[in-house]
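Thanks for sharing this one. Here are some notes to read with the model open beside you.

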Amino acid sequence: MKNKGLTKVDLIFEKVDLKEVLTKAIKMSSDEIIQQVLLSGLKGRGGAGFPTGLKWKYASVEKEPDKYIVCNADEGEPGTFKDREILDRVSYKVYGGMAIASKAIGAKYGIVYLRGEYRFLLPQLMKELESFHKTIDELGYNFRIRYCLGSGAYICGEESALFESIQGERGEPRNKPPYPTSSGVFFKPTSINNVETLVTVMMIIQHGAETYNQLGTKDSRGSKVFSVSGDTPTPGIFELELGMSVQQFVNEFGDGDTKAVQIGGASGFCVPRKKFNETVIGFEGVPTGGSMKLFNSSRSMYNVLHNYLDFFAEESCGQCTPCRIGTQQLLKGVQKVKKGEVKSTYLNEMVKLADTMKIASKCGLGQSVGNAFRTIVENFKEEIIY
Amino acid sequence: MYQAGNLVKKLAEKHGRSRHSLMPILQGIVEKHNYLTDEVMVEVAKELEISAADVYGTASFYTFLDTQVRGKYIIRICKTITCSMKGKNDIIQTIEDMLKIKVGETTSDKLFSLIETNCIGWCHKAPAILINEVPYTELTSEKVVEIIKGYMQK
């Protein structure tokens with residue numbers, strides 16, 4: 001496999017002329033914008049990786065006159081903090097991305113759903129929003145953005161739970177289909193995009209899809225903002241070109257004693273040292289919304305797993321049985337194995353349960369609990385049992 | 001217990017009386033009074049012409065919309081993995097010793113509540129807490145004592 005190595009880039013936080021980019025976008029037709037974004041190969045930066053251009057295409061063909069652009073700023077995945085930094089430093093690029101999206105799908109309204117934990121940013125964000133509204137008014141473009149705040153629920157990062165929350169309901173995910181592009185917030189056609197995705201769109205319109213395409217690999221185009229934490233001498237936020245191996249990442253960020261990297265947060269995958277070389281960070285290997293946690297050999301992977309399971313048991317919305325009961329039973333199960341109350345083969349039963357949750361759970365929360373569970377249990381069995 | 005006065009009415013006027021305004025109204029009450037009483041939830045229900053069960057249903061879903069008594073300053077300490085690895089327990093111990101309360105409790109003068117919470121997005125500067133909406137990061141025991149002293153003098 002062709003490997004591009006680890007390259008730092010500076011596009012997300014780079015200063016741009018908002019007016020210039022928007023002037024260009026407004027002159028483009030909806031189809032032209034969608035074509036550019038499709039050409040760029042951009043996949044959603046929140047973690048799920050759905051092609052952004054395709055999402056916009058689906059939303060653009062809906063006949064309903066009221067459509068919405070929702071910016072998902074409910075960044076709750078453990079180990080992810082890049083969206084906060086993006087909003088803090090370049091919120092005007094997020095708003096700009098929303099305006100471009102609105103032009104693409106034909107929406108007049110935008111909503112930013114900001115997690116309650118980031119409420120302290122709101123006064124500054126509102127001020128910047130005011131100046132953004134002035135800019136688009138000067139350009140004669142009709143579009144308005146408003147804020148909705150979360151109140152401490154991880155599940156509201158799931159798109160349909162987020163819509164429910166905006167509508168004043170419990171944040172319980174909906175059945176799909178219908179998908180948000182036909183029935184989203186207020187049951188109107190909606191494109192919901194991650195903070196970083198929207199900023200990336202600004203970049204694509206500014207530089208053109210072809211320039212953007214030169215970054216990254218065939219399956220993972222462009223660059224990505226990573227949130228690096230755990231056992232590292234340099235925790236923080238780094239924008240890197242996609243396509244590096246975990247080994248290259250660890251060479252740069254590890255403390256020399258890294259035994260595992262958790263990629264994609266609690267709902268992501270654990271990569272042990274012996275697989276660092278062969279694992280690519282990106283859609284051809286292990287995808288991530290940006291969360292990169294390094295663990296050195298002083299850490300107990302039992303504690304890591306227990307912490308994640310405790311997190312999921314608390315954050316499961318409780319609506320569907322596989323997830324509500326499954327998260328609790330996995331947590332109890334690892335405790336029993338650790339205490340020696342059950343045989344270690346019980347772990348195999350639990351892997352089966354995690355697999356069932358993947359198939360039977362209603363939303364991404366329950367479906368992804370098994371990712372961390374399976375990869376930690378399989379690679380660090382001794383640490384879970386003894 | 002507190003008297004909300006005309007706060008619910010004011011919030012309903014500001015945000016509108018539709019069901020879609022429920023979150024900002026509840027958030028507005030919590031911002032002022034730190035938690036939701038049964039009485040205030042019934043009042044919200046009347047104001048929006050929805051059932052009190054609907055209001056309670058929404059409120060009880062969200063960890064930041066507390067339905068039990070909380071202090072004026074709610075200290076939320078992150079317990080997720082990185083904060084946990086970087087000494088969250090020492091910070092809890094320090095706060096517990098200082099305020100003479102355990103996690104989940106509120107001081108008798110109703111000034112502070114201490115609660116554990118899930119990832120608040122400061123893993124690169126762990127351990128971290130929120131006091132109401134303000135984050136404090138890269139904490140040490142000495143640092144957290146100074147921060148809480150500051151709130152005591154407010």
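**Notes on the sheet, the domains and the chain contact**

1. A good place to start is the pairing of S1(A) with S4(A), which is parallel and runs over five bridges. Within this pair, A:Ile69 sits opposite A:Ser191 of S4(A). Please keep in mind throughout that this is a predicted model.

2. S4(A) itself deserves a closer look. The strand is mostly covered, with five of its five residues buried. A:Thr190, A:Ile192 and A:Asn194 point one way from S4(A), while A:Ser191 and A:Asn193 point the other way, and all are buried. This fits a familiar pattern: side chains in a regular strand alternate between the two faces of the sheet.

3. Now for the whole sheet. What is the strand order in this open sheet of chain A? The four strands run S3-S2-S1-S4, with parallel pairing. Strand S3 (144-149) and strand S4 (190-194) of chain A are at the edges; each has a single partner strand, so one side of each lacks a neighbour in the sheet. From one strand to the next, the twist averages 20 degrees.

4. On the other side of the order, strand S2 (residues 109-114) of chain A is joined to S3(A) by six bridges, and the two run parallel. Here A:Ile111 is found opposite A:Arg146 in S3(A). Helix H4 (residues 82-105) of chain A packs on the sheet and touches strand S1 (68-73), S2, S3 and S4 of chain A. The direction of this helix makes about 160 degrees with that of S1(A).

5. Next, the domains. Chain A is assigned domain 1 (18-213) and domain 2 (301-385). Taken over C-alpha atoms, the centres of these two domains of chain A are 33 Å apart. How many residues of each domain are in contact with the other? Nine residues of domain 1 of chain A contact eight residues of domain 2 of chain A. On the domain 1 side, the touching residues comprise five nonpolar, two polar and two charged.

6. Last, the contact between the chains, which takes 30 residues from chain B and 37 residues from chain A. On the chain B side, helix H2 (22-33), helix H4 (52-59), helix H5 (81-85) and strand S4 (134-136) of chain B each supply at least two residues. Which element gives the largest share of that side? That is H5(B), with four residues. By class, the side of chain B that touches chain A has 15 nonpolar, 13 polar and two charged residues.

Terms used. Residues numbered from 1 in each chain as written. Chains lettered and ligands numbered in written order. Predicted model: local features only at pLDDT ≥ 70, side-chain atom pairs only at ≥ 80, totals over all residues. Contact = placed C-beta atoms within 7 Å. Nonpolar A, V, L, I, M, F, W, Y, C, P; charged D, E, K, R; others polar. Domains from an automatic or database assignment. Pairing = 2+ DSSP bridges. Axes fitted to C-alpha atoms, helices over the stretch in contact; angles between N-to-C directions. Buried ≥ 20, exposed ≤ 12 C-beta atoms within 10 Å, placed from the backbone.
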